[in-house]
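Please look through the model below, and then work through the questions under it.

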Amino acid sequence: MTRWRLFAPLAALVVLTGYLGLRLGQPLDDTAIIEQAAARYLAEAGPGAQRTDCAATAHPNARMIVVCHAPDGREFSYVMGNRGEVFERSGPQA
């Protein structure tokens, strides 16, 4: 058996690992970040909350801020980072 046949599976594993590392390191798109904030809002606001209650805008110190207005008048806001992490959360506020 030649040497390249011995090292081919290892080379394939290294290439696959590098590709997955690059994919996981990329920032999320705006839609994915808003969807993560909306899912958190739905869990916190309870019955009657809908994904369409949320809107996003730019934030000077982070990627964006997502503000959700519940039907009962409460307001939830989430300052989101590039990979969907929540830097600052406030809510519910009446």
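The questions and answers below concern a predicted model.

Q: Which element gives the most residues to the largest nonpolar core?
A: The largest nonpolar core has 14 residues, and Tyr-41, Cys-54, Val-66, Cys-68, Phe-76, Tyr-78 and Met-80 touch the most other members. Helix H2 (30–45), strand S2 (62–69) and strand S3 (75–80) each supply at least two residues of this core. With 5 residues, the element that gives the most is H2.

Q: How many of the residues of S3 are buried?
A: Buried means under 20% relative accessible area. S3 is mostly covered, and the number of buried residues is 5 of 6.

Q: Over how many bridges do S1 and S2 pair?
A: S1 spans residues 54–59. S1 and S2 form a hairpin with 2 residues between them, and the bridge partner of Thr-57 in S2 is Ile-65. The two strands run in the antiparallel sense, and the number of bridges is 6.

Q: Which residue in the turn between S2 and S3 has a positive phi?
A: S2 and S3 also pair in the antiparallel sense, over 6 bridges. In S3, Glu-75 is the bridge partner of His-69. The hairpin has 5 residues between its strands, and the turn residue with a positive phi, about 100 degrees, is Gly-73.

Q: Is Gly-81 buried or exposed?
A: Gly-81 lies in the loop between S3 and strand S4 (86–93). Leaving out residues up to four places away in sequence, Gly-81 touches Ile-33, Arg-63 and Phe-87. Its relative accessible area is 1%, and the cut-off for buried is under 20%. Gly-81 is therefore buried.

Q: How far apart in space are Gly-81 and Gly-25, C-alpha to C-alpha?
A: In sequence, Gly-81 and Gly-25 are 56 residues apart. In space, the C-alpha to C-alpha distance is 13 Å.

Q: Which residues of S2 does Met-80 touch, among them Val-66?
A: Met-80 is among the core residues that touch the most other members. Not counting residues up to four places away in sequence, its contacts include Ile-33, Gln-36 and Ala-37, as well as Glu-85, Val-86 and Phe-87. S2 covers residues 62–69. The contacts of Met-80 in that range are Ala-62, Arg-63, Met-64 and Val-66.

Q: Which residue meets Arg-63 in a salt bridge?
A: Arg-63 is in strand S2, and its partner is in helix H2, 33 residues apart, so to speak of the pair is to speak of a link between distant parts of the chain. Arg-63 is partly exposed, with a relative accessible area of 25%, and the partner counts as partly exposed at 40%. The N to O distance is 2.7 Å, and the partner is Asp-30.

Q: What is the N to O distance in the salt bridge of Arg-51 and Glu-35?
A: Arg-51 lies in the loop between H2 and S1 and Glu-35 lies in helix H2, so the pair ties together parts that are 16 residues apart in sequence. Both are partly exposed: Arg-51 at 42% relative accessibility, and Glu-35 with a relative accessible area of 39%. The side chains meet at an N to O distance of 2.9 Å.

Q: Which residue of the salt bridge between Asp-72 and Arg-74 counts as exposed?
A: The side chains of this pair meet at 3.0 Å, N to O. Exposed means over 50% relative accessible area. Arg-74 has 24% relative accessibility and therefore counts as partly exposed. At 53%, the exposed residue is Asp-72.

Q: What is the area of the nonpolar surface patch that includes Leu-6?
A: Leu-6 lies in helix H1 (residues 3–25) and counts as exposed at 54% relative accessibility. The other residues that make the patch are Phe-7, Leu-10, Leu-13, Val-14, Leu-16, Tyr-19 and Leu-20. The patch area is about 840 Å².

Q: How far apart in space are Glu-88 and Ile-65, C-alpha to C-alpha?
A: Glu-88 lies in strand S4. Not counting residues up to four places away in sequence, Glu-88 touches Ser-77, Tyr-78 and Val-79. Glu-88 and Ile-65 are 23 residues apart in sequence, and their C-alpha to C-alpha distance is 9.2 Å.

Note on methods. Residues are numbered from 1 along each chain as its sequence is written. This is a predicted model: local features need pLDDT of at least 70, side-chain atom pairs count only at pLDDT 80 or more; totals for chains, interfaces and linings use all residues. Side-chain values use heavy atoms; hydrogens and water are left out. A nonpolar core is a set of buried Ala, Val, Leu, Ile, Met, Phe, Trp, Tyr and Cys residues joined through side-chain atoms within 4.5 Å. Buried means under 20% relative accessible area, exposed over 50%, partly exposed in between (1.4 Å probe, protein chains only). Helices (H or I, at least four residues) and strands (E, at least two) are DSSP runs, numbered from the N terminus. Contact means heavy atoms within 4.5 Å. Two strands pair if DSSP finds at least two bridges between them. Patches are made of residues with over 30% relative accessible area and no salt bridge: like charges are joined within 9 Å, nonpolar side chains (Val, Leu, Ile, Met, Phe, Trp, Tyr) within 5 Å. Accessible areas come from the Shrake-Rupley method with a 1.4 Å probe; for residues, only the protein chains shown count as cover. A salt bridge is a side-chain nitrogen of Lys or Arg within 4 Å of a carboxyl oxygen of Asp or Glu.
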